[in-house]
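Trainee: Please take me closely through one part of this model, and then show how the same kinds of description apply elsewhere in the chain. I would like a connected account rather than a list.

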Amino acid sequence: MKKNISINLFGTLYNIDEDAYNLLESYLRSMQRQFSRQEGGAEIADDIEHRVAELLWQRREAGMTAVDIKTVKDIIDTIGDAEQIAGGEPRTAGGANNLKDDLKQFAEDAGRFARDSYDKGKEHVRTHRFYRCADDKVLGGVCSGLSIYFNAGEPVIWRLAAILLTLIGIGLPLPLVYLVVWLVTPAAITPEDRLRQQGKDITPDNLAQQVARDAEPVVVRNENKGCLKAILIVLGICVVLPVIALLFIWLGAFGGILFDIF
């Protein structure tokens, strides 16, 4: 049976078994011998002893009741031996072990975030249905439908973002995409459609509330719809029509090539 010893490190008592005490005592003595031969070595050895006390205190605060030899080995591995410190390669708090733990924790957090995001997205797709908004629209109500479907921002923000992306060239195909979505997506007309669009269950209570909301006077929320509509029409003329023209030119050239072949 191992004997327990009580030691005092900078005013704090620790219970430590005999093997751990011998290893810690040997480690601190080796530090003193290593640095006693150089200027300022006493301060270095004292700092190392303070660091040992700090790491022991952290483990005690985490619930450690007695210091065993594994704890001492972990502390030595964290700080480094005398040769490593003398050679300019001390391991600071955490060292390689903490870096490995941090990377592992980061990977776990990233994986958990990805799984949570996937589950939330899957649940959103299951419970929501995308419709165009028939009540708040500039052209086809696509941007309004997106803002309701994702419950993110006002429709005007989506419209301005689409215009900005198109103007700077990132969203050059956006007008065509908008046109396609406009053609293939139904508008939310019935109360049931509006409930599905918001991801709500079709229950008598929800239907009654939605009917009451639909009966309220429509408030024009965006006074600048006329300006936005004019901008979108100009974009359609400047972007969509040239693309359609290029498409016809390409089809004509392709048809000419086929005619020559056959």
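Mentor: Asn151 is placed in the loop between α6 and α7. In this predicted model, Asn151 has a positive phi of about 50°, although Asn151 is not a glycine. The background to that remark is that most residues other than glycine have a negative phi. Asn151 follows α6 in the chain. With a relative accessible area of 72%, Asn151 is exposed, because the class begins over 50%.

Ala152 also has its place in the loop between α6 and α7. Its accessibility class is another one: at 34% relative accessibility, Ala152 counts as partly exposed. When residues up to four places away in sequence are not counted, Ala152 touches Ser147 and Trp158. Ser147 belongs to the α6 side of the contact between the two helices, and Trp158 to the α7 side. The loop residue Ala152 therefore touches a residue of each helix that the loop joins.

The two helices themselves can now be considered. Helix α6 covers residues 142–150 and helix α7 residues 155–167; their axes come within 8 Å and cross at roughly 120°. That angle makes α6 oblique to α7, because it lies outside the ranges for roughly parallel, roughly antiparallel and roughly perpendicular. The crossing in which α6 passes α7 is right-handed. The residues of the contact divide into 5 nonpolar, 2 polar and 1 charged. On the α6 side they are Cys143, Ser144, Leu146, Ser147 and Phe150, which meet Pro155, Trp158 and Arg159 in α7. Within α6, the buried residues are Val142, Cys143, Ser144, Gly145, Ser147 and Tyr149. Among these, Cys143, Ser144 and Ser147 also take part in the contact with α7.

A second helix pair, α1 and α2, may be set beside this one. Here the axes are 8 Å apart and the packing angle is about 160°. α1 and α2 are roughly antiparallel to each other, because their angle is over 145 degrees. As for handedness, α1 passes α2 in a right-handed crossing. From α1, the residues Leu24, Tyr27, Leu28, Met31, Gln32 and Phe35 meet Gly41, Ala42, Ile44, Ala45, Ile48, Glu49 and Val52 in α2. By class, the residues of this contact are 10 nonpolar, 2 polar and 1 charged.

These two helices also hold salt bridges. In α1 (residues 18–35), the side chains of Arg29 and Glu25 meet at 3.2 Å, N to O. Arg29 and Glu25 are 4 residues apart, about one turn of the helix. The general point is that an α-helix has 3.6 residues a turn, so residues three or four places apart point the same way. Arg29, at 48% relative accessibility, counts as partly exposed, and Glu25 is partly exposed too, at 26%.

In α2 (residues 41–61), Arg51 and Glu54 lie 3 residues apart, again about one turn of the helix. Their side chains form a salt bridge at 2.9 Å, N to O. Arg51 counts as buried at 17% relative accessibility, because buried means under 20%. Its partner Glu54 is partly exposed, with a relative accessible area of 39%.

A further salt bridge is found in α9 (residues 191–198), where the side chains of Asp193 and Arg196 meet at 3.2 Å, N to O. Asp193 and Arg196 are separated by about one helical turn, because they are 3 residues apart in that helix. Asp193 is buried, with a relative accessible area of 12%, whereas Arg196 counts as partly exposed at 32%. In this pair the acidic residue is buried, while in the α2 pair it is the arginine that counts as buried. The salt bridges described here are among the 6 that a search of the whole structure finds.

Finally, the chain as a whole provides the setting. Its secondary structure comes to 11 helices and 4 strands. Of its 262 residues, 27% count as buried. Among contacts in the chain with a separation of 6 or more, 54% are made by residues 24 or more positions apart. To return to the starting point, Asn151 in the loop between α6 and α7 combines a positive phi with an exposed position.

Terms used: Residues are numbered from 1 along each chain as its sequence is written. This is a predicted model: local features need pLDDT of at least 70, side-chain atom pairs count only at pLDDT 80 or more; totals for chains, interfaces and linings use all residues. Side-chain values use heavy atoms; hydrogens and water are left out. A salt bridge is a side-chain nitrogen of Lys or Arg within 4 Å of a carboxyl oxygen of Asp or Glu. Buried means under 20% relative accessible area, exposed over 50%, partly exposed in between (1.4 Å probe, protein chains only). Axes are lines fitted to C-alpha atoms, for helices over the stretch in contact, and angles run from 0 to 180 degrees between N-to-C directions. Angles under 35 degrees count as roughly parallel, over 145 as roughly antiparallel, 65 to 115 as roughly perpendicular and the rest as oblique. A crossing is left-handed if the near helix is turned anticlockwise from the far one by less than a right angle, and right-handed if clockwise. Contact means heavy atoms within 4.5 Å. Ala, Val, Leu, Ile, Met, Phe, Trp, Tyr, Cys and Pro count as nonpolar, Asp, Glu, Lys and Arg as charged, and the others, Gly among them, as polar.
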